[in-house]
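Me: Hi, I'm new to this one and would like to go through it slowly. Could you show it to me before we start?

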Amino acid sequence: MNDELNLEAVTSQYFDVLKELGNIGAGNATTALAQMLQCKVDMKVPQVNLLEFDEVGAVMGGEEQIMAGIYLCVEGDISGSIMFLLEKKAARHLVTKLMGMDMGNGEDFNEIEISALKEIGNIITGAYLNSLSTMTNLKIFPSVPDLTIDMAGAILSVPAIEFGTLGDKILLIQTQFTDDCELDGYFILVPDLESYEKILGALGLR
């Protein structure tokens with residue numbers, strides 16, 4: 001492994017590929033979401049940004065914004081973790097739509113709703129990972145998802161420890177889904193450095 005490889009160096013050549021991955025992944029996620037909800041779902045072109053870690057919370061509406069965060073580990077040919085974040089209001093909308101009724105009081109999610117949210121997160125992150133796998137021909141296996149509902153800053157502190165090995169910048173894919181309301185989803189993939197090497201190699205960029 002090249003010791004000089006870091007997120008900055010990777011990003012300079014990886015950025016366009018990530019945008020393409022963002023487009024394909026978000027497209028697949030939109031299709032999966034539409035099938036799951038049994039309604040038409042549109043998607044705006046995803047925004048792919050390289051941000052200072054402490055800027056991420058602001059992009060999501062502030063570190064105190066209450067979010068639903070679906071977090072899972074990735075194994076196989078690459079290793080790392082993946083996270084999908086959604087505003088709590090948007091998460092409530094998706095769960096209500098999926099279940100055909102609002103089972104909660106608009107505040108806390110009950111066990112059935114949490115299971116439904118995990119499944120939604122599973123479908124969306126799975127669509128992104130399948131896109132990455134197809135583009136690279138690498139085998140990628142996600143773990144069972146873990147769901148947290150908390151302030152954005154608190155949720156982001158989980159992968160922050162892993163990001164410490166990559167420097168303080170993070171690649172964030174922001175996707176806006178629309179059915180009868182707009183939903184902002186934030187997608188973060190955190191491969192370890194060796195996995196970045198493998199991804200770049202598979203894409204012919206190294």
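Me: Let's start with Thr125, then: where is Thr125 found?

Reply: Thr125 is found in helix 4, and please keep in mind throughout that we are looking at a predicted model.

Me: Is Thr125 buried or exposed?

Reply: Thr125 has a relative accessibility of 1%, and because anything under 20% counts as buried, Thr125 is classed as buried.

Me: And what is Thr125 in contact with, leaving aside its neighbours within four places in sequence?

Reply: With those neighbours left aside, the contacts of Thr125 are Leu72, Ile82 and Phe84.

Me: OK, what about Ile123, buried or exposed?

Reply: Ile123, which also has its place in helix 4, falls between those two words, since its relative accessible area of 27% makes it partly exposed. Setting aside neighbours within four places in sequence, Ile123 is in contact with Ala32 and Met36.

Me: How far apart are Ile123 and Ala29?

Reply: Along the sequence Ile123 and Ala29 are separated by 94 residues, while in space their C-alpha atoms are 7.1 Å apart.

Me: Changing topic, how many aromatic pairs does the structure hold?

Reply: The structure holds 1 aromatic pair, formed by Tyr128 and Phe187, whose rings are stacked with 3.6 Å from centre to centre and 15 degrees between their planes.

Me: Which parts of the chain does the pair link?

Reply: The pair links distant parts of the chain, for Tyr128 belongs to helix 4 and Phe187 to strand 8 (residues 182-191), with their positions 59 residues apart. Tyr128 counts as buried at 2% relative accessibility, and Phe187 is buried too, with a relative accessible area of 3%.

Me: Back to helices: at what angle do helix 3 and helix 4 cross?

Reply: The axes of helix 3 (residues 88-99) and helix 4 (residues 111-136) cross at roughly 100 degrees and come within 10 Å, and the two helices are therefore roughly perpendicular to each other.

Me: Which residues make the contact?

Reply: On helix 3 the contact is made by Ala91, Arg92, Leu94, Val95, Leu98 and Met99, and on helix 4 by Ile112, Glu113, Ala116, Leu117 and Ile120. Sorted by type, the residues of this contact comprise 9 nonpolar and 2 charged, with no polar ones.

Me: One last thing, what does Arg92 lie over?

Reply: Arg92, one of the helix 3 residues in that contact, lies over the face of Phe109, at 4.4 Å from the ring centre.

Technical notes: Residues are numbered from 1 along each chain as its sequence is written. This is a predicted model: local features need pLDDT of at least 70, side-chain atom pairs count only at pLDDT 80 or more; totals for chains, interfaces and linings use all residues. Side-chain values use heavy atoms; hydrogens and water are left out. Axes are lines fitted to C-alpha atoms, for helices over the stretch in contact, and angles run from 0 to 180 degrees between N-to-C directions. Helices (H or I, at least four residues) and strands (E, at least two) are DSSP runs, numbered from the N terminus. Angles under 35 degrees count as roughly parallel, over 145 as roughly antiparallel, 65 to 115 as roughly perpendicular and the rest as oblique. Contact means heavy atoms within 4.5 Å. Ala, Val, Leu, Ile, Met, Phe, Trp, Tyr, Cys and Pro count as nonpolar, Asp, Glu, Lys and Arg as charged, and the others, Gly among them, as polar. Buried means under 20% relative accessible area, exposed over 50%, partly exposed in between (1.4 Å probe, protein chains only). Rings of Phe, Tyr and Trp (its six-membered ring) pair if their centres lie within 6.5 Å; planes under 30 degrees apart count as stacked, over 60 as edge-to-face and the rest as tilted. A charge sits over a ring if NZ of Lys or CZ of Arg is within 6 Å of the ring centre and within 35 degrees of the ring normal.
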